[in-house]
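Hi,

Here's the structure I promised to pass on. Have a look at it first, and then read my notes underneath.

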Amino acid sequence: FQLVKPGFELTMDDDDQDDQSPQGPAAPPEVEEPPKILRMQSVSASDYPPSYSSNTPEEQLVLEYVENFRRQFVQLYPERKELLLCPRNEFGVEKFICTTIRPTQLEYTDLYDLATCAAFVAEHVQYEPLHDPAHLPRYVPSPTSVLAWQAGDSIDMSVLLATLLLGVGYDAHVLLGTADRRTCLAD
């Protein structure tokens with residue numbers, strides 16, 4: 001499937017594009033689009049600040065530094081898993097993951113408590129498993145969109161929670177790791 005928005009295109013299986021059979025190109029397999037991608041298709045840039053759909057020159061410079069770091073990391077540690085440094089947001093714009101987490105203080109003082117804030121995210125954002133749990137996501141939408149959609153995967157929900165906790169003074173971080181399927185699906 002493809003997600004087409006001004007300035008970017010998402011194709012899930014780039015490796016399948018060159019498959020040819022004696023009868024001509026192979027028919028594309030039926031692939032169900034992940035819910036996150038479907039929601040991203042409905043996002044309108046006019047509903048968000050310009051910083052969501054473009055990068056400033058300073059952000060471009062940061063992205064260059066991050067790419068330099070990534071290349072060095074891969075060269076020094078080739079056996080380690082890839083890093084989630086610059087996924088694309090809901091507009092297909094590459095953003096340094098640290099700029100996705102922006103301290104945000106909501107007007108609801110009940111959410112200033114750690115347990116209450118975590119419960120709010122857990123209760124009001126529908127959990128969706130990662131599309132491909134073996135790989136890092138190519139897209140991490142803004143906390144604004146995750147809250148508006150009231151749905152997201154574990155990374156989306158973690159970024160939202162960290163954003164809210166940082167906004168009220170907690171020292172919050174998002175760490176990625178692995179767990180078995182039962183743990184991830186809360187079975």
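Below is what I found when I went through it.

First, a caution: this is a predicted model, so keep an eye on the confidence values. The mean pLDDT of the protein is 83, and 82% of its residues reach 70 or more. How that confidence is spread is worth knowing. Helix 3 (residues 57-76) has the highest mean pLDDT among the elements, at 97, while strand 1 (residues 2-5) has the lowest, at 41. Strand 1 isn't alone at that end of the chain, either: pLDDT stays under 50 over residues 1-22. The model does have 40 contacts beyond four places in sequence for that stretch, but I'd read them with the low pLDDT in mind.

Now the overall layout. You'll find eight helices and six strands. Starting at the N terminus, the order is β-β-β-β-α-α-α-α-α-β-α-β-α-α. Of the 187 residues, 32% count as buried. As for the outside, the accessible surface comes to about 12400 Å², and carbon and sulfur atoms account for 53% of that. If you take the contacts between residues at least 6 apart in sequence, 71% of them join residues at least 24 apart.

Next, the inside. How many cavities of 30 Å³ or more does the structure hold? Just one. The largest cavity has about 40 Å³ of space in it. Its lining is made up of Thr104, Gln105, Leu106, Leu111, Tyr112, Cys117, Leu164 and Val168. Sorted by class, that gives six nonpolar residues, two polar ones and no charged ones.

Two single residues also caught my eye.

One is Glu59, which sits in helix 3, the element with the highest mean pLDDT. Is Glu59 buried or exposed? It counts as buried, because its relative accessibility is 15% and the cut-off for buried is under 20%. Leaving aside residues up to four places away in sequence, Glu59 touches Ser54, Lys95 and Arg102.

The other is Gln150, in the loop between helix 6 (143-149) and strand 6 (151-152). Its phi is near 55°, a positive value in a residue other than glycine. For background, most residues other than glycine have a negative phi. Gln150 has a relative accessible area of 46%, so it is partly exposed.

That's everything I have for now. Happy browsing!

Definitions and conventions: Residues numbered from 1 in each chain as written. Predicted model: local features only at pLDDT ≥ 70, side-chain atom pairs only at ≥ 80, totals over all residues. Heavy atoms only, no water. Helix = DSSP H or I, 4+ residues; strand = E, 2+ residues; numbered from the N terminus. Buried < 20%, exposed > 50% of the residue type's maximum accessible area, 1.4 Å probe, protein only. Contact = heavy atoms within 4.5 Å. Areas by Shrake-Rupley, 256 points an atom, 1.4 Å probe, with all protein chains shown as cover. pLDDT = per-residue confidence, 0-100. 1 Å grid on protein atoms, 1.4 Å probe; cavity = no way out; pocket = protein on both sides within 12 Å on 5 of 7 lines; lining within 4 Å. Points joined across faces, edges and corners; volume = space filled by probe spheres on them. Nonpolar A, V, L, I, M, F, W, Y, C, P; charged D, E, K, R; others polar.
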